[in-house]
Amino acid sequence: AVCSMGNSTSRLYSVLAKTLSSGAVSQHQDCLEQLDPAQLDPIDPKELLEECQIVLQKRPPRFQRNFVSLKKNTASNHRPIRVMQWNILAQALGEGKDNFVQCPMEALKWEERKCLILEEILAYKPDILCLQEVDHYFDTFEPLLSRLGYQCTFFPKPWSPCLDVERNNGPDGCAMFFLRERFQLVSSANIRLTAMKLKTNQVAIAQTLKCRETGRLFCIAVTHLKARTGWERFRSAQGCDLLQNLKDITQGAKIPLIVCGDFNAEPTEEVYREFSNSSLNLNSAYKLLSPDGQTEPPYTTWKIRPSGECRHTLDYIWYSQHALNVTSALGLLTEEQIGPNRLPSFNYPSDHLSLVCDFSFNQDPDRLL
């Protein structure tokens, strides 16, 4: 039986009409975890988008961003694989801990902010979606995205800071979603990252998928490393641990790899260099938007806190450059679009920008799996 998501008889099980309270989440969590996608009524994405836009009709329109073509005369015999990376901002942190001093509390209301998040996802139609700071997985993202055709996985932080916030919705964590019609799950690993041989509060999900169209295998991973200045060595150790896990999973780079994450690290940090110089032969996709192809964007997050303005490049999509090509990438918001009050805002639901890339497999027959 499908769990009741409220009193509404909406075809979307009232997820947009009402967010479950944290008490209701714990009450329904077992039932939600057991939802069988094959037994659920699918949702028409256009219908869901229309419902979101009705909720958002009093807000400014969504920002327009354009894809930049990065093709290098590489012919591909398959549809590109679209990957979306996004720290969506945990609701409990946005309202209770992050102190966005220029963002009105009204802009952070979950009933509307979740529709902004969904609108962004529906606009870009990713084949694979990698999210961080997800604290409404069971009552919003899993029930909705599973009905949109995604297979869903969630791995919460062991000691989520969301739990310190009154009236929270449970712990935040990383979540991964892939379209069942495009990919078959081969293996999945939930990884609790270690640093200096100690288990930490940061996690990752790594899944090996088989592309149904090409028969090719690849690994997709999502992570969120430790935040804050002064923790650079800690992040470096977490990055080394994640890389070692990914080397084992990809059999030493025999299986192509894509790693999405909020690394909480500028390109000047050691953990960035570790990924750049890894034996997995990884490149950062968003460098390709720069004129020289070697420079990261000037920012992926931009916010104002009591301590001042924070403008940083922290979010990345890494990929196996020997096995995959980046055919296009979504341009970032301009300073003019973001506006003087920065993020989040009535226009944009998170303090981090979403990153979206289209990938194709290298046609080198020696690399076929």
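**Buried strand, loop glycine and helix packing**

Leaving out residues up to four places away in sequence, Cys-357 touches Ile-81, Arg-82, Val-83, Ala-285, Tyr-286, Ile-317, Val-326, Ser-328 and Ala-329. This is a predicted model, and in it Cys-357 sits in strand β15, which covers residues 355-361. The relative accessible area of Cys-357 comes out at 0%, so this cysteine counts as buried. Thr-327 lies 30 residues away from Cys-357 along the chain, yet the two C-alpha atoms are separated by just 7.6 Å.

Leu-355, where β15 begins, turns up again in the surroundings of a glycine. Gly-331 and Leu-355 are 24 residues apart in sequence, with 8.2 Å between their C-alpha atoms. Gly-331 itself belongs to the loop that runs between β14 (324-330) and α8 (335-338). Despite the loop setting, Gly-331 is buried, because its relative accessible area is 13%, under the 20% cut-off. Once neighbours within four places in sequence are set aside, the contacts of Gly-331 are Arg-65, Asn-66 and Leu-289.

Zooming out, the protein has eight helices and 15 strands. Of its 369 residues, 58% are buried. Contacts that reach across the sequence are plentiful: taking those between residues at least 6 apart, 79% join residues at least 24 apart. As for the surface, about 16100 Å² is exposed, and carbon and sulfur atoms account for 48% of that area.

Now for the helices. Two packed helices are described by the angle between their axes and the distance between the axes. Helix α2 (residues 45-55) and helix α4 (residues 110-124) have axes that come within 9 Å and cross at roughly 140°. This crossing of α2 and α4 is left-handed. On the α2 side, the contact is made by Pro-45, Leu-48, Leu-49, Cys-52, Gln-53 and Val-55, while α4 brings in Glu-111, Glu-112, Cys-115, Leu-118, Glu-119 and Leu-122. Sorted by class, the residues where α2 meets α4 are eight nonpolar, one polar and three charged.

Helix α4 also packs against helix α5 (residues 137-147), and here the axes come within 12 Å and cross at roughly 30°. The crossing of α4 and α5 is right-handed. From α4, the residues involved are Trp-110, Lys-114, Ile-117, Leu-118 and Ile-121, and they meet Thr-140, Phe-141 and Leu-144 of α5. The contact of α4 with α5 contains six nonpolar residues, one polar and one charged. Leu-118 of α4 appears in the contact with α2 and again in the contact with α5.

Finally, back to the cysteines. A search through the whole structure turns up zero disulfides. Why does Cys-260 not form a disulfide with Cys-130? The closest cysteine sulfur to that of Cys-260 is the one in Cys-130, but it is 3.9 Å away, which is too far for a bond, since a disulfide needs the two sulfur atoms within 2.5 Å. Cys-260 is also buried, because its relative accessibility is 0%. Cys-240, on the other hand, has a relative accessible area of 39%, so it is partly exposed.

Definitions and conventions
Residues are numbered from 1 along each chain as its sequence is written. This is a predicted model: local features need pLDDT of at least 70, side-chain atom pairs count only at pLDDT 80 or more; totals for chains, interfaces and linings use all residues. Side-chain values use heavy atoms; hydrogens and water are left out. Buried means under 20% relative accessible area, exposed over 50%, partly exposed in between (1.4 Å probe, protein chains only). Helices (H or I, at least four residues) and strands (E, at least two) are DSSP runs, numbered from the N terminus. Contact means heavy atoms within 4.5 Å. Accessible areas come from the Shrake-Rupley method with a 1.4 Å probe; for residues, only the protein chains shown count as cover. Axes are lines fitted to C-alpha atoms, for helices over the stretch in contact, and angles run from 0 to 180 degrees between N-to-C directions. A crossing is left-handed if the near helix is turned anticlockwise from the far one by less than a right angle, and right-handed if clockwise. Ala, Val, Leu, Ile, Met, Phe, Trp, Tyr, Cys and Pro count as nonpolar, Asp, Glu, Lys and Arg as charged, and the others, Gly among them, as polar.
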